[in-house]
Amino acid sequence: MKSFCSKKSCIFISASAAILLNISKEEKEPIISCLLVLMVLAVLIAKSKDEIFTKPICFSNNAYLVTALLICSAMGCNFYSRCVKSGIIDKISEFLGISDKHMALFLSVLGVLAAIPVTAILIADFSKIVVEAFKRSPILLDDEKQGISAQKSFGLMAVIFFVGISAILRANFNYIDDMGRVAQGYRGWENFSRFVSNALSTMIHMDNYITDISPLTQLIAVLILALAGIILLYVVYERRAFSVWELIALIPLGLNPYFLECISYKFDAPFMALSILAAIAPLLLRESSVWKYILAVIIGNILVCSSYQAASGIFPMVVILISLRMWFKNKPLKEIFRFILNSVVGFGIALAFFKQVIMIPTDSYVSNVLPSMGELLPMIVTNFIKYFNLILTDYEVFWKWIMVLLMLAFSLSGLKLSKQRKLLTFALTVVAGIMMFFLCFGLYPALTAPLFEPRAMYGFGVFITLLCISTAENFQWTVMKMPAITVAWIFFVFAFTYGNALFVQKSYTDFRITQVISDLNDMEAFLGDEVVTVQIAGNIGYSPIVERMSADCNILSRLVPVTFRESWDWGLFGFYNYYGLKNVKRDSSVDLTSYDLPVIKDGMYHTIYGEGNYVLVKLK
């Protein structure tokens, strides 16, 4: 009994360390929230009779300890970064007579070491549950046809995704934020509470100064996407072998136009892919004990919110689809409601913990601030209308008709699987489809200033994937599978179009910048040692090739950025930072377009005005 209580105490201390490592703010609110969580945790552990507390801890595989060390080290990296700037640590350090860095390092190492045991126990226990469930799951498809094993399916999907993004890799395009990180090596994801991205980037690069290691990061993203896709098929189909058609239906998961923007980011790609995996992986434990499933959901969705919040709607969507299929198979309503309730509880706790303990409020060009209760519903409606209009304008006419057919096929997809009445099956399938659509943008529609960029809309790509895998299931009629297969092919081909458009635009941008620099190089103002203020006005626009392509495909105009233009930091960053311009500075406090500067040179692509130490370049 004594050892039993001692073991519980050790696990509580270790779990407390893991939780406290995630505090990101010094305010009273997150600290009080953490204390409340610890009080509840203490009660649950004290009353629990789970085998985790009754059996000796024995790790049959050192991989559990190594993985736990890596995870806790990632949390420790973030904790250290925050601690160094902490006022509380500053006071403690001053009192003890040691430096802030040493104090922060000591607390971080202590926290990491303390958090390792409970992390390793959870990894070992969860892995055991998943492996045993995987071994028990059937291999055969309908009519006793053996499909492609999950292991081989993972390899095939990784290859397909890799081939799909090959044009993006060839373009070697520094996509927006990449420009700053390549030049200056900063991380900076903490501004949007993406602490998992910060920590993992430190571990991947083995330094807080991160460098361009592409395409390694994008290859990591491909592997994560392939794993997420196979887990999705496994939890939805409840078997570990899949047909070729089912694997093809997974292609939109990683190659939908919205996620292609995510994969374009050299530094962000792995963490955006991780958000999809973290949303789906908890469902592997849905048949385990209640507390283990809820805990998995909590951990998974905290990872989602700490890597990329645009994926916050993925878990609820998959829960709805699985619940619908449970009803098709005549599972007891009590079991279905229990699954939904446990999922909602875990999801709600994860969001509350993230908001209270981890999230740093931001109100810049995007906001994570909720409107008042009176404004919430109108705000949600307004944002949904905008998201819906963007989808309508982004997708080509042919794409939209295929989507209509796909949605119709999904509405009929339950008829062969369901053991319930056909009319009721059809009605519930339609309702489930509508609910999944409204959840696909996650929490963004409820925010006062959500992000409307393509990278924030990849939940819609996951929604399409769920429709595809439902209609392309092995036993479905061939005609039902065709919209899903067509969508997969459209997105696969578009990935090459987009990647090649990036390459053309990059070449065009380099050409235009080179033209400007070549003309500036001959000017007398730059031959001396005095600093010259240079301002860029105008916009090079798209390459003539990309312009023609985007006229036929609207979404390209949103996916391909113009990185040489005025009034946008990333439109000027490359010019001022990538070419080692001598004695050139940018002064945003001075607007040279309002000056009456004489023309120095007028050419096909730009006009240069200048006088003294002021030079204005107007792009055409």
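With which residue does R239 form a salt bridge, and how far apart are the closest N and O atoms? In this structure, which is a predicted model, the partner of R239 is E246, and the closest N and O atoms of the two are 2.6 Å apart. Side chains of opposite charge can pair when their charged atoms come close. R239 has a relative accessibility of 8%, and because buried means under 20%, R239 counts as buried. E246 is buried as well, with a relative accessible area of 0%.

This pair belongs to a wider set, since the structure holds 13 salt bridges. Another of them joins D268 to R181, with the closest N and O atoms 3.5 Å apart. If you trace the chain between these two residues, you will find that they link distant parts of it, for D268 sits in the loop between α14 and α15, whereas R181 belongs to helix α9, which covers residues 177-184, and the two are 87 residues apart. Both D268 and R181 are buried. A further salt bridge is formed by E473 and R325, whose closest N and O atoms are 2.9 Å apart. E473 lies in the loop between α22 and α23 (478-521), while R325 lies in helix α17 (residues 314-328), so this pair ties together parts of the chain that are 148 residues apart in sequence. Like the pair before them, E473 and R325 are both buried. Salt bridges can also share partners, and in this way R181, R194 and D268 are joined into one network.

From the charged pairs we can turn to the helices and the way they lie against one another. Helix α15 (residues 269-280) packs against helix α16 (residues 290-307) with the two axes 8 Å apart and at an angle of about 160°. Angles over 145 degrees count as roughly antiparallel, and α15 is therefore described as roughly antiparallel to α16. The crossing in which α15 passes α16 is left-handed.

A second pair of helices offers a useful contrast in angle. The axes of helix α20 (residues 397-417) and helix α22 (residues 458-471) come within 9 Å and cross at roughly 55°. That angle makes α20 oblique to α22. The crossing of α20 and α22 is also left-handed.

Helices can also be described by how much of them the rest of the structure covers. In helix α14, which runs over residues 257-264, 8 of the 8 residues are buried, so this helix is largely enclosed by the rest of the structure. Among the buried residues of α14 are P257, Y258, F259 and L260, and also the charged residue E261. In helix α1 (residues 2-20) you can find A18, which counts as buried because its relative accessibility is 15%. A18 and G442 are 424 residues apart in sequence, and their C-alpha atoms are 27 Å apart in space.

At the surface, the view is of another kind. I88, I92, F95, L96 and I98 together make a nonpolar surface patch of about 490 Å². One of these residues, I92, is found in helix α5 (residues 87-96), and its relative accessibility of 33% is why I92 counts as partly exposed.

The loops deserve a careful look too, for some details of the backbone are found there. S214 and P215 are joined by a cis peptide bond, with an omega of about 10°, and P215 is found in the loop between α10 (195-205) and α11 (216-237). E238 has a phi near 60°, which is a positive value in a residue other than glycine. The place of E238 is in the loop between α11 and β2 (241-242), and at 25% relative accessibility E238 counts as partly exposed. S567 likewise has a positive phi, of about 60°, although it is not a glycine. You can find S567 in the loop between α25 (555-559) and α26 (569-577), where its relative accessibility of 72% means that S567 counts as exposed.

Terms used
Residues are numbered from 1 along each chain as its sequence is written. This is a predicted model: local features need pLDDT of at least 70, side-chain atom pairs count only at pLDDT 80 or more; totals for chains, interfaces and linings use all residues. Side-chain values use heavy atoms; hydrogens and water are left out. Patches are made of residues with over 30% relative accessible area and no salt bridge: like charges are joined within 9 Å, nonpolar side chains (Val, Leu, Ile, Met, Phe, Trp, Tyr) within 5 Å. Accessible areas come from the Shrake-Rupley method with a 1.4 Å probe; for residues, only the protein chains shown count as cover. A salt bridge is a side-chain nitrogen of Lys or Arg within 4 Å of a carboxyl oxygen of Asp or Glu. Helices (H or I, at least four residues) and strands (E, at least two) are DSSP runs, numbered from the N terminus. Buried means under 20% relative accessible area, exposed over 50%, partly exposed in between (1.4 Å probe, protein chains only). Axes are lines fitted to C-alpha atoms, for helices over the stretch in contact, and angles run from 0 to 180 degrees between N-to-C directions. Angles under 35 degrees count as roughly parallel, over 145 as roughly antiparallel, 65 to 115 as roughly perpendicular and the rest as oblique. A crossing is left-handed if the near helix is turned anticlockwise from the far one by less than a right angle, and right-handed if clockwise.
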